[in-house]
Amino acid sequence: MSSKRTAGAVVIGGGAVGTAVACYLAMGGVDVTLVERGEFAWGTSRRCEGHVVTYDTPPGDYSVFCKTGQNLFYEAQKFLPVDFEFTPEGIGLLVDDESHLETVKENYEGKKKEGYDVTLWDRDELRHREPNIGDKVLACLNFNNDCTLNPMRLCFGLAKHAEANGATILSRTQVTSLRTENGRVSGVETDKGFIATKNVILASGVWTPQLGAMLGVNIPIRPRQGHILVTERVKGLLSKAYVEYGYLLTKHGLKRENVTPDMDKFGVAFVIEPSSAGTVLVGSSRRFVGMDIRPHPAVMRAVAERGNHFFPTLSDMRLLRCYAGVRPATSDELPIISTTHVPGLFVGAGHEGLGISLSLITGKIMSELVRGETPFIDTSYMSIDRFGFNPPALPVGETSA
Amino acid sequence: MFKKVSESKGKTITIYFEGQPLEVEEGMTVAAAVLGPSHGWTRTSHGGQKRGPYCQMGVCHECLMTIDGVPNQQACLTAVVEGMQVFRQNGVPDFHKENSHE
Ligand SMILES: Cc1cc2nc3c(=O)[nH]c(=O)nc-3n(C[C@H](O)[C@H](O)[C@H](O)COP(=O)(O)OP(=O)(O)OC[C@H]3O[C@@H](n4cnc5c(N)ncnc54)[C@H](O)[C@@H]3O)c2cc1C
Ligand code: FES
């Protein structure tokens, strides 16, 4: 890279969120440069499961937001230049506890009224569809529009499409500092040279706080670790992805009955996804242990035990490997999609367990914010202002060049 | 394609690779035993590419074969046994409930 460059906007971070932001900015006609210190999907986006979901958001604005975000994948599948193994087969919520059954049935009625495509399988129906399911599983609530995809391929596809629309893609380039002039963003210093720009979008997952701090913007995101086990390749173990109902309780940090102390301690809740290569991904856990991404045997064991409870046949299968990642978590489980008090500085981060699901909608909104437009869907409740850590963020339109 | 480093002094036994009898040295691994006749490839990936034993120590899972009717066996970790039936594995094996060892 030559030592001096200019750009209309610089996106920092090549995960699902950053590549999506770059892609929508480029499609919106902005001269954008995407900077990633590693390769695409270097951070959390290559250490996750890749579900695009609506099952875990209670009715309300945020639920509609997630649904709108999900619809964008059905569109992107048509224009992205990379097959990202998009599988719109729906995801099933497995219920193994009598006491949850009533809530789940109410949920079913409620979601149906909201226009969701949901179906409820009773025990027999579930066994008929999934012969390998464990005896203790009582029912399954299917969210038929939920989907799975390959997050790495998604990032590559978005970066490629951004490039095809005029974006400059700089991988292996680390941002070392951010510069301002007369109080507004003026450029990005990297280990490969300076990029002059009036707009910087921080889409750097768990690393966003460090970048924000460079301009005195306090961004409260904490790493929340999760483990995934990968099995040997098989066909016919299961026909689509499932999640246990208890996942919702774990996610919101609530106490669960009928789990071992380790499962409780590590926040283990069952998630399973067949990959197109034949391996099966089994997750997951949730705990705050800093930036640690080493797989831990005790957590792996707890995840495996939980897996055997729902699909006992898993105990006959070999594990090929395990990986852990850190979700970018905020204190209220909502992402930060926001302008800041520094003109030209934007934040698109903190999606915790929904960063893949909400990547495209974040990209679309960020492209609107940077171009000075009002977002097509209300995002005011995702403003960085809600934490009260910074001077008030600038109103839409005042941050753009 | 593959040459043995030293001549054996051990006992030989017969295994079957793709149905063909093969005289092999007792105590070797299936991976080593079939390297010659298999021309180095012992399975195909889900995309159809040819794959063969690589790490020879149980790590890479490239050497998966169907041994005595059981798929996904690591040939590099399995010792040859008289009369053993060894087959290349095409793609991803089926794993229906009937296959489980319950
Ligand atoms: C076990 C697990 C399971 C999950 N399952 C799902 C799921 O099923 N569905 C879902 O929607 N979400 C899931 N998630 C969450 C999802 O993975 C994250 O929310 C998402 O990946 C965050 O994407 P991101 O682009 O914000 O961050 P990242 O993917 O972490 O990208 C940030 C990028 O910024 C780069 N960067 C950082 N600092 C710099 C710098 N100074 N200069 C240049 N580049 C820099 C990093 O290298 C990195 O590539 C899961 C997460 C985990 C851990
Ligand atoms: S050759 Fe690597 S596992 Fe057998």
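How many salt bridges does the rule find across the interface of chain A and chain B?

## Interface of chains A and B

The rule, which asks for a side-chain nitrogen of Lys or Arg within 4 Å of a carboxyl oxygen of Asp or Glu, finds zero salt bridges across this interface. Six residue pairs are nevertheless in polar contact, both residues at pLDDT 80 or more, a polar contact being a pair of N or O atoms within 3.5 Å in which, within protein, one must be able to donate a hydrogen and the other to accept it, residues adjacent in sequence counting only if both atoms are side-chain atoms.

This is a predicted model, in which local features need pLDDT of at least 70 and side-chain atom pairs count only at pLDDT 80 or more, while totals for chains, interfaces and linings use all residues. Residues are numbered from 1 along each chain as its sequence is written, and side-chain values use heavy atoms, with hydrogens and water left out.

## Extent of the contact

With contact taken as heavy atoms within 4.5 Å, chain A contributes 17 residues and chain B 15 residues. The buried area, meaning the accessible area (1.4 Å probe) that two parts lose on being put together, summed over both, is about 1,400 Å², and carbon and sulfur atoms give 51% of it. Arg233(A), Lys235(A) and Arg318(A) supply 38% of the area that chain A buries against chain B, more than any other three residues.

## Local backbone features

The peptide bond from Gly283(A) to Ser284(A) is cis, with omega near -5°. In chain B, phi is positive at two non-glycine residues, being near 55° for His39(B) and near 60° for Asn72(B).

Conventions:
Chains lettered and ligands numbered in written order.
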